[in-house]
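Got your viewer open and ready? Let's walk through this one stop by stop, selecting a few residues at a time.

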Amino acid sequence: MGDLHMGVEADAINDSSSDNHSKRVDIYPLSCYYFGSKEAIVFKDETLFDRINRMKSNYAAYGLRTSVEAVILVELFKHPHLLLLQVRNSFFKLPGGRLRPGESDIDGLNRKLSRKLSASEDGNETEWQVGECLGMWWRHDFETLMYPYLPSNAKKPKECTKVFLVRLPESQKFIVPKNLKLLAVPLRQVHENHKVK
C-alpha cells in the first residue's frame, strides 16, 4: 500500500512579505507501526465532579491551565485516520495533557506523548516530531465545553488547550498503558461528521 500524502498550506505568521509556503505531511499505513502495552497509569479523577474540583484548586494555585494535544495521522484503507486515546471505555481524546508550571509547549507535549505512547516499555522519553500549532481551544469556566475562541465575556479563562501536528516516522513502536486504548478513527467520523449529509 502506498503512502498517502496530504498537502497543507500555511500562511507565514508575522511575515511582512506574506508569502505562502507549502508543507507536506507524509501519512504512512497503520501496518507500519507496532502496538504494545505497559503498566496502567493512575487516573487522578474518578468522576467529573473530582475533575472540576481539581481544576478549581489548580486554578487557585497556578492560574490559567495550559494543555497541549497531538494530532497524529496514519493511513488505513487509503484514508487518513486520527490516533485517539479511549479512556475508561467512555470517551476519546487526543494524546497529550497539562503542562507543568514554566514548561514549554514542545517539552510538555514530548513528555506527555512519551508517558502515554512511549516507544519503549520503560517509558524513556522519545523525541517526537512536533510541528505546527493547528489551533487553540478555550475553557472560560469550570465546565466540560471548550470553544475555538475566547468568548468576549470571559475575563479570566480557566484553560487554554493548544493542538499541535505531530509527524510520525515511517515506522515506530507505540507502547500504551493497559487502561487506555489507542484507536485509529477516520477523519470523517470525528465530531460525528459522518452523520452530516
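Start by selecting E159 and R65: their side chains meet in a salt bridge, at 3.1 Å from N to O. (A salt bridge here is a side-chain nitrogen of Lys or Arg within 4 Å of a carboxyl oxygen of Asp or Glu.) E159 lies in strand β10 and R65 in strand β4, residues 65-71, so the pair ties together parts that are 94 residues apart in sequence. Strands are DSSP runs of E with at least two residues, helices are runs of H or I with at least four, and both are numbered from the N terminus.

A word on what you're looking at: this is a predicted model, in which local features need pLDDT of at least 70 and side-chain atom pairs count only at pLDDT 80 or more, while totals for chains, interfaces and linings use all residues. Residues are numbered from 1 along each chain as its sequence is written, and side-chain values use heavy atoms, with hydrogens and water left out.

Keep E159 selected and add R139. These two form another salt bridge, with the closest N and O atoms 2.8 Å apart. R139 is in strand β9 and E159 in strand β10, so this pair ties together parts 20 residues apart in sequence. Show R65, R139 and E159 together: salt bridges that share partners join them into one network.

Are the members of that network buried or exposed? E159 is buried, at 2% relative accessibility, and R65 is buried too, at 15%. R139 is likewise buried. (Buried means under 20% relative accessible area, exposed over 50%, and partly exposed in between, with a 1.4 Å probe and protein chains only.)

Next, pick K162 and D105. Their side chains meet in a salt bridge as well, at 3.1 Å from N to O. K162 sits in strand β10 and D105 in helix α2, residues 105-117, so to find both ends you jump 57 residues along the chain. The whole structure has six salt bridges.

Now move to F142, in the loop between β9 (129-139) and β10 (159-167). What does F142 touch beyond its sequence neighbours? Leaving out residues up to four places away in sequence, select I52, M55, K56, Y59 and K158 to see its contacts, where contact means heavy atoms within 4.5 Å. F142 is buried, with a relative accessible area of 19%. Add P157 as well: it is 15 residues from F142 in sequence, and their C-alpha atoms are 9.2 Å apart.

On to the cysteines. How many disulfides are there in the whole structure? A search finds zero, with a disulfide taken as a pair of cysteine sulfur atoms within 2.5 Å. Select C133, and you'll find that the nearest cysteine sulfur, that of C160, is 8.1 Å away. C133 is partly exposed, with a relative accessible area of 40%, whereas C160 counts as buried, at 3%.

Finally, clear your selection and zoom out. The protein chain has two helices and twelve strands, and from the N terminus on the elements run β-β-β-α-β-β-β-β-β-α-β-β-β-β. Of its 197 residues, 36% count as buried. Among contacts with a separation of 6 or more, residues 24 or more positions apart account for 67%. Switch on the surface to finish: the chain exposes about 12000 Å², and carbon and sulfur atoms supply 52% of it (areas come from the Shrake-Rupley method with a 1.4 Å probe; for residues, only the protein chains shown count as cover).
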